[in-house]
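The exercises below ask you to read a structural model residue by residue, and each one is followed by a worked solution. Please attempt each task with the structure open before you turn to its solution.

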Amino acid sequence: MTTYREIFANREFRALFAGNAATVAGKTIQMLALSALVYASTGSPLLSALAFLGGLLPQALGAMTLLAYADRVRPRGFLAGWDLARALAAVLLATGVLPVWGMLLLIMSFGAVDALSGGVRSAIIVDVVPGGYVLGRATLNVSVGAMQILGFATGGTLIATLGPHRALAVAAVLIAISAAVTFFGLRTREPRATGRAGVAATWRGNRALFADPSIRAVLLAAWVPNGLIVGAEAMYVPYAGDLAAVLFVAGAAGMLTGDLIVGRFVPPVLLDRFITPLQTLLAVPYLLFFLHPGPVVGAVAVFVASFGYAGTLGLQQRLVEITPGRLRGQALGLDGSGRMTFQAVGASATGSVAEATGAATAMTVAALASLAVTALLRRRLRAGRDGAGLRPDQDGPVAARAAAIPASDG
């Protein structure tokens, strides 16, 4: 499948796309409404921020303890069931019966399992659109960005007109719609792996993945350079003040444009060769911020740089190709949760530099660090591209370690 018409002619992909869009819109409205609700109740910016981003923080914990289940569940039932559980949680939040600490604990508990659901959702794209993973992944990426923008706009309007509790009820309806669309739109598939899963199996699977040099290089390339640039993006407000929104919109537009163009027009056989150039493009425009450009030049630089996020498509394609099928869901879940974690690390590190040097210099430092990591990983990525990495049907470190995972691990 190589065109948007072909993938949208696929009934299962339409269901996956619609369900993902409804989930993202609902979760975005929920994050915004919950943040407003907690701030109105406490007046605490810290607690408000935890309400907004608290669901992302535990994903690293989920990646370390739960990801073995990603290849041991039936995707249709799990994804629909998890969306239904999320919808019920949003209803509970909308009732207002929970204290603030209870609301935060609830969203963090769900955040830990989101690492698992992300792995399941990413892996099923391979089955739903055979031979079209990159285009399918790019299309879902575009829907995520668009639904986040729509969710923020709609959520702000709902909070202003109906209040945060009713906005949470709307979020619950959207997520419940996703559950129904997923259940009735996808067909039942057997798990990729058998045997019991648990913390021990997750640790062994993660070690097996990270022990292979080719997979390790792909994961580090997906996590670190991007995370450092997200750190630069975290400086938009201290850099531009009231005009920061211009930079945020430019970044979103650049990322969506990159996914649309690269996902559709760069053939999968060539996409792998664009990984390093795109990751280089992701960082180079940020070097301009050392000169303190105005909002127009800064927005152009951010737009061009954000196009480089499309390099992640090549990395995800490589990860799918070199990971054994029985660990594919775990690998993609580890990729997603690792990117979330390193985004938080990059923002924290860049913010710490900014305390001493100012926002513009910190953004430049983040860009230089991103370029350095990209350069260091270039040789290993090239070796993997030229055939040094594993393939799912080959024996090697990952296959051997995966086969050694006992079925009784719990």
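**Exercise 1. Decide whether G55 is buried or exposed, and find what surrounds G55.**

Solution. Start with accessibility: G55 has a relative accessible area of 17% and therefore counts as buried, given that buried means under 20% relative accessible area, exposed over 50% and partly exposed in between, with a 1.4 Å probe and protein chains only. Next, place the residue in the fold: G55 belongs to the loop between α3 (45–53) and α4 (59–65), where helices (H or I, at least four residues) and strands (E, at least two) are DSSP runs, numbered from the N terminus. Then list its partners: once neighbours within four places in sequence are set aside, G55 is in contact with I107 and G111, contact meaning heavy atoms within 4.5 Å. Finally, consider the backbone, where the C-alpha atoms of G55 and A112 are separated by 7.5 Å although the two residues are 57 residues apart along the chain.

Before going on, note the basis of these values: this is a predicted model, in which local features need pLDDT of at least 70 and side-chain atom pairs count only at pLDDT 80 or more, while totals for chains, interfaces and linings use all residues. Residues are numbered from 1 along each chain as its sequence is written, and side-chain values use heavy atoms, with hydrogens and water left out.

**Exercise 2. Describe the overall architecture and dimensions of the chain.**

Solution. First, take the secondary structure: the chain has 19 helices and zero strands. Its radius of gyration is 21 Å, close to the 22 Å that the globule rule gives for 410 residues, so the chain is as compact as a globular protein of that length; the radius is taken over C-alpha atoms, and the rule is 2.2 Å times the number of residues to the power 0.38. Along its principal axes, the C-alpha trace spans about 55 × 50 × 40 Å. Turning to the interior, buried residues make up 53% of the 410 residues, and among contacts between residues at least 6 apart in sequence, 86% join residues at least 24 apart.

**Exercise 3. Which residues does each of G231, S178 and D114 touch, beyond those up to four places away in sequence?**

Solution. Take G231 first, which lies in helix α10 (residues 213–233) and is buried, with a relative accessible area of 0%. G231 touches G346, A347 and T350 beyond its sequence neighbours, and its C-alpha atom is 9.2 Å from that of A367, a residue 136 residues apart from G231 along the chain.

Continue with S178, found in helix α8 (residues 164–185), where 0% relative accessibility makes S178 buried. The contacts of S178 outside its sequence neighbourhood are with G19, A22, T23 and D83.

End with D114, a residue of helix α6 (residues 100–128) that counts as buried at 8% relative accessibility. With the same exclusion of residues up to four places away, D114 touches K27, Q59, W82 and R86.

**Exercise 4. Characterise the aromatic pairs F8–F17 and Y239–F289.**

Solution. Begin with the rule: rings of Phe, Tyr and Trp (its six-membered ring) pair if their centres lie within 6.5 Å, and planes under 30 degrees apart count as stacked, over 60 as edge-to-face and the rest as tilted. By this rule the count comes to ten aromatic pairs. F8 and F17 form an edge-to-face pair, with 5.1 Å from centre to centre and 80° between the planes; F8 is partly exposed at 30% relative accessibility, as is F17 at 24%. The rings of Y239 and F289 have centres 5.2 Å apart and planes at 80°, so this pair is edge-to-face. Because Y239 lies in helix α11 (residues 236–240) and F289 in the loop between α14 and α15, the pair ties together parts that are 50 residues apart in sequence. F289 is buried, with a relative accessible area of 1%. As a last step, look for a larger grouping: F8, F13 and F17 form one aromatic cluster.

**Exercise 5. Where does H292 lie, and what is the sign of its phi?**

Solution. H292 is in the loop between α14 (275–283) and α15 (295–307). Its phi is near 55°, a positive value in a residue other than glycine, and H292 is exposed, with a relative accessible area of 54%.
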